[in-house]
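Student: I'm new to this one. Could you walk me through it and tell me how the labels are justified?

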Amino acid sequence: MRVSGIRCCPASRRAVVGLTVGLVAVAVPATAVAGTATASTQHRAGASHAGASAAEPLKGKIVGIDPGHNGRNWTDPAYLNRQVWNGREWEDCDTTGTETAKGYTEARFNWNVARYLRQDLEKYGAKVVMTRKSNDGIGPCVTTRARILNKAHADVSVDIHADGGPPSGRGFTVLEPVADGPNDKVINASLRFAKDVHAEMLRYTPMMVSDYYGHDGYIRRDDLAGLNLTTEPKVLIECGNMQNSQDAALLVQASVQRHIARALAQAIVEFLTGK
Ligand SMILES: [Zn+2]
């Protein structure tokens with residue numbers, strides 16, 4: 001499990017992370033962003049819970065966002081190597097995350113998508129809780145991240161990552177929890193949410209379903225604190241493979257990051273409003 005645990009968020013424990021930003025212009029296929037977000041959101045919102053409106057379908061809802069890793073994690077290996085109990089086994093407090101060949105870090109990608117997602121969700125009326133405040137810090141540990149979202153009584157949460165898989169592999173994967181005690185009551189809901197995330201990623205983004213990891217863009221994981229310890233419905237998404245040049249060229253683009261955030265926001269609306 002340690003080996004598969006590394007797959008999610010490989011710790012490229014380099015002394016120095018390159019700062020070169022790989023901004024490669026790759027056109028987003030028109031079909032990937034052709035969804036009528038506003039229309040479908042308003043349609044779904046019409047039948048949502050009392051208090052919500054078409055403009056604010058998530059009014060009264062709390063949504064948790066965990067942007068994986070942190071921008072300065074690489075500066076403190078001792079902190080990262082601290083062992084924390086993830087509900088099933090000991091795990092590193094946190095890892096540095098992966099990066100593209102040109103040095104665009106996963107921590108930065110995760111943070112950008114999280115900010116765009118927060119904007120979308122707040123526009124929809126949700127209260128948003130995030131596990132870190134910037135991309136200039138260290139940690140917190142994965143167990144603390146889970147606790148922050150549990151304590152906030154989030155209605156649903158998402159852990160945002162990008163993978164460091166084999167260079168030949170492409171695509172996104174939705175990581176789903178396995179029942180282990182603390183998360184028992186939210187397994188079925190998490191699996192429903194996973195389907196929403198999967199569908200909206202295909203609808204709103206140019207990212208393809210993973211051709212190297214899991215099955216049809218899904219995988220169950222029982223070795224990650226974020227999924228083991230959650231008491232609210234939650235999935236972790238590997239939005240693409242930063243080690244693959246084609247995926248990397250997409251993931252570093254602000255427009256693609258915005259589309260991924262849009263996909264996640266739509267999935268959250270769909271999940272929470274039941275439409
Ligand atoms: Zn990661």
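Tutor: Here is a short round of questions about the terms and the values behind them. Keep in mind that this is a predicted model, where local features need pLDDT of at least 70, side-chain atom pairs count only at pLDDT 80 or more, and totals for chains, interfaces and linings use all residues. Residues are numbered from 1 along each chain as its sequence is written.

Student: What makes Phe109 buried rather than exposed?

Tutor: A residue is buried if 20 or more other C-beta atoms lie within 10 Å of its own, exposed if 12 or fewer, and partly exposed in between, with C-beta atoms placed from the backbone. Phe109 has 30 other C-beta atoms within 10 Å, so Phe109 is buried. Across the chain, buried residues make up 50% of the 275 residues.

Student: Where does Phe109 lie, and which residues does Phe109 touch?

Tutor: Phe109 lies in helix α4, residues 106–123. Helices (H or I, at least four residues) and strands (E, at least two) are DSSP runs, numbered from the N terminus; the chain has nine helices and eight strands. Leaving out residues up to four places away in sequence, Phe109 touches Tyr104, Ala162, Leu251 and Gln257. Touching means being in contact: the two C-beta atoms, placed from the backbone, lie within 7 Å. Leu251 is 142 residues from Phe109 along the chain, yet their C-alpha atoms are separated by 7.3 Å.

Student: Why is something called a nonpolar core here?

Tutor: The name goes to a set of buried Ala, Val, Leu, Ile, Met, Phe, Trp, Tyr and Cys residues joined through C-beta atoms within 7 Å. The largest such core has 59 residues, and Leu264 and Ile268 have the most contacts inside it. Helix α9 (residues 254–273) gives the largest share of this core, eleven residues. Not counting residues up to four places away in sequence, Leu264 touches Leu117, Val158 and Val197.

Student: How do you know that β6 and β8 pair?

Tutor: Two strands pair if DSSP finds at least two bridges between them. Three bridges join β6 (residues 173–177) to β8 (residues 234–241), so the definition of at least two is met. These two strands run antiparallel, and Val174 stands opposite Ile237 in β8.

Student: What makes β4 and β7 edge strands?

Tutor: Six strands form an open sheet with mixed pairing, in the order β4-β1-β5-β8-β6-β7. Both β4 (127–130) and β7 (218–221) pair on one side only.
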